[in-house]
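User: Hi, I'm new to this one. Please take a close look at a single part, the ligand site, and walk me through it slowly.

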Amino acid sequence: MFLDRLYRSTAVKLAAVFFGFFLFLFLIATSATYLLVSHELTKTVDDRIRAEYRIIAAQLDPEASDDFVQNVQNLADLRDPQLGILLLTNKAGDRLAGNVEPFQVEEGGSTHALPQIKRGDDYAYRLYSRPVGDMQLIVGQSLEDSHELLEITLVNLAWTAGLAICLAILGAILLSRKVQQRLRPVAETMDLVADGNLTARIPRQNPNDDLDRLSGTINDALDRLKLLVDGMRQVTTDIAHDLKTPLNRLSIIIEDASREQDNNEAVSGKLEAARLECENINQTFEALLRIAQIEASAHNNAHFATIDVASLIETVADIYSDVAIDAGMTLSVQPTSESVSIKGDERLLMQMLVNLVENAIRHCPEDTAITIDTHRKRGKPIISVADNGPGIPASERKNVLRRLYRLEQSRTTSGNGLGLALVKAVADFHDAEIQLMDSDPDNRERPGLTIEITFPSKADQQ
Amino acid sequence: MRILIVEDDTPTAEFIERGLQELGHVVDRVNNGKDGVIYALEETYDLAVIDRMLPGLDGVSIVKSLRGSGSGLPIILLTAMSGVDDRVEGLEAGADDYLVKPFAFSELMARINALARRPSLKAQITELQVADLTLDLIRRTTRRSGQTINLKPREFAVLEVLMRNEGRIVTRTMLLEQVWDFTFLPQTSVVETLISRLRTKIDKPFDTPLLHTVRNTGYSIHVPR
Ligand SMILES: Nc1ncnc2c1ncn2[C@@H]1O[C@H](COP(=O)(O)OP(=O)(O)OP(=O)(O)O)[C@@H](O)[C@H]1O
Ligand SMILES: [Mg+2]
C-alpha cells in the first residue's frame, strides 16, 4: 500500500529521474577521477625512475667502466627488489650488476609484470630501460604503492556514491511524504465536492507557495461552480414560478371556453386569448433558450468579424428613431470623431443594442431622451445607451441582469425580464464588462439609466 | 400545389396536412428522413416542408443530399431551435426558408406562397408594379400616379418585399428576417411604426389604399377587392 502509493507519487518519480541523472553524472566524474589519478601516479613514478637513470648514467666514465659497474652494484645492493629494480646488462643481455636476474625488456618506459621477483599479488613494475655507453641500464619501481593509492581513491568514491544514493532515496521518500501531506487536503476536498458538497474548500497553508496558489485557483473555480449551480437552481425555480402564472391563466381561459361552449356561446375570443397566452410562454422559452445558447457557445468566436461600432449604432438609431418619436421620446447618437471597431458577432451585438434601446423606450415615460454613444477609454471600446428616465436603484443593478427579474414598477409593462440577461450573456460572450449607473446622479426624481459595455482593448483580444 | 411533408411528430404533421388540404393542395406525408429523400427524388413536388430533427436522417442532411443530387425543390425547414447558427446552417445547406416551431399556420402558409412564386423571379426584374404604384429596383425610386415618393432605404426594402408578393400575405417575422435581419421578435412596434410611415407616404395622399394589414399575421399589398 505504502510502496504502491510511493511508486505512484509524482515526487518519487521526479526524484527517480533526478537520481538517475545524478548517478550518470557521478559515474562519469568517477571514471574521470580514476583515469586522472592513475595517469598522475604513473607519471610521478616515471619521473622518479627517469631522474634516477639520469643520475646513474651521469656517473659513467668510459675510461673506468668497471668502477661504474661496481657503483651500480653498490646501489643495487642497497635496494630491496620488492620496491625498486636496478639492472645493468651488456649488449647480449647478461647481467653486469643489479639486484634481480636479467630479463627481456623493450627500450624506453614500459609496465611489466615480474612475478619471478615480486611476492604478493601485485606484480606490476614501471620500468625504464636505456643504454649507458655500450651497456643497458634498467631502472624500475614497483607499482604496488600507486595501486594502493588508486584503490583507496576508488573505495572512497564508492562510499560517497553509496551515501549519496541512500540520501537521495531518503530525500525522495520524505519529499513525497511531504507533498502527499500537502495534496491530501486537496484530494479530500475534491472527494467532498464530487459527493455534492459544493461548499467544501481546500484549507490554505503556506501562503504563496505554488501548491497553495494552485489551491487558491481550485477554490476560485469551486466558487464559480457554486455560483453557477446556485444560479441554475435559481433560474429553474424562477422559470417554474414564472411559467406557472401564464399556465394558470391559460388553464382558466380554456376552462372558461369549454363552459361557454356548453352554453352554446361563441368561444373564438377565448381561443384567441389562449393563443396569445401560448405565444407569450413560447417567447419566454425562446429567449431563455437563446441566452442558454449564447452562454454555451462562449469562446467560440467562429462568427467574429471586425465591426464598425459607429455604423452599428447608426443602424439601431435609424431603426428606432421613429419608434421613439411615436412614444414621445427622442433617440439620438452622440456624435463622435473617433472610429471605434471591435471584434465580435454582429447579430448578437445588434440584439444587445436593440434590447437596451427597447428597454429605454418601454420603461421610461414620455419626453425621455435616449442617447447611444461609442468612444474609447484607455484604449478600450465602449458602447453606452443612456436615458433620463426613472433609472434603476443601485441595490437592484445586479438583480436586473438576472434572468426573469423585473422591477416592481414594471409589473404592468409587458416583457419577461430576459432582456438584460441576454445583454449580459452577449457581453460575457465578448469578454466585455457591463456597468449600470445613473445618468444624472444629482437628479433625485429622474436619475436616468446609463448602461456601459466596455470591450477588451485590441491588445487584450489577441 | 403538390406538397411533401417530412415530419415524425404526427400531430404536427396532421395539422400541416389538414391545413394545406383545406386550401386545396395535394399533400404526401412521410415520417422519416430516408422516405423523405426517396419521395422527393422519385415524385414531382412543388414544395417540401421538412422537420429538422428526424429519426434516421435529419432535415439538414436531407436538404444536402437533395441538393447534392441536383434537386431544385423549394424546401422549408421546420425546427424547434431558433439559434442564429441553426438558421444559418439550415439555409447554407440549401433550404429556401426556415421556420421555428411552434408556428401559426398562417405563418407557414405565407412562406409557402412566397416560395411558390420564387421561380418566376429568377428572371431579372427591374421594376415592380401594383396598380399605379411602381418601384424602380435599379434607381431605387418609387412613384405613384406619376408622383415621386421619397422613401427611406428600409421603407423601400419593406415595400419591395410586399410588392414581390403582391396579393399574398407577408408576415411580420418574414419582414423582420428579410429587411431588418432580426431573428428575434422585438418588444416594441418596430414593424408597425415603419408600416405606418410607409402608409402615410404611399397611401394617404391617394384615393385607393394598397397596403393592407392582416390581423395577427402581417401585411399584404394589392388593389382592394
Ligand atoms: N432603461 C431603463 N429604465 C428603467 N428601468 C429599466 C430600464 N431597463 C430595464 N429596466 C428595469 O430592469 C428590468 C429588467 O429588464 P429586462 O430587459 O431584463 O426585462 P424586461 O424589459 O422587463 O423584459 P424583456 O426585456 O424580457 O421584454 C425591467 O423590468 C425594468 O424594471
Ligand atoms: Mg427588456
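Analyst: Here's a tour of the site, with a couple of side stops afterwards.

This is a predicted model, where local features need pLDDT of at least 70, side-chain atom pairs need 80 or more, and totals for chains, interfaces and linings use all residues. Residues count from 1 along each chain as written, chains are lettered from A and ligands numbered from 1 in written order, and side-chain values use heavy atoms, without hydrogens or water.

Let's start with who's around. Ligand 1 has 20 residues around it, meaning residues with a heavy atom within 4 Å. A:Asn359, A:His363, A:Arg406, A:Ser410 and A:Asn416 come nearest. Chain A isn't alone, though: the site is shared between chains, because residues from both A and B surround ligand 1.

What kind of company is that? Sorting the shell around ligand 1 gives eight nonpolar residues, nine polar and three charged (Gly counts as polar).

Now for the polar contacts (N or O pairs within 3.5 Å). The side chain of A:His363, one of the nearest residues, puts an N or O atom 2.8 Å from an oxygen atom of ligand 1. Two other contacts use the backbone. At A:Gly417, a backbone N or O atom sits 3.0 Å from an oxygen of the ligand. At A:Leu420, a polar backbone atom is 2.8 Å from a ligand oxygen.

How much of ligand 1 does the protein bury? On its own, ligand 1 would expose 600 Å², and the protein buries 98% of that (Shrake-Rupley areas, 1.4 Å probe).

Which elements supply this shell? Helix H8 (346-363) and helix H9 (419-429) of chain A each give two or more residues to the shell around ligand 1 (helices are DSSP runs of at least four residues, strands of at least two). H8(A) gives the most, with four residues.

Two side stops, if you want to scroll along the chains. In chain A, look at the loop that links helix H5 (210-262) to helix H6 (268-296): A:Asn264 is found there. A:Asn264 isn't a glycine, yet its phi is positive, at about 60 degrees.

In chain B, the peptide bond between B:Lys101 and B:Pro102 is cis, with omega at about -10 degrees. B:Pro102 is part of the loop running between strand S5 (97-100) and helix H5 (105-121) of chain B.

Back at the ligand, the picture to keep is of a site shared by chains A and B, with H8(A) as the top contributor to its shell.

Notes: Polar contact = N/O pair within 3.5 Å; in protein donor to acceptor, adjacent residues only side chain to side chain.
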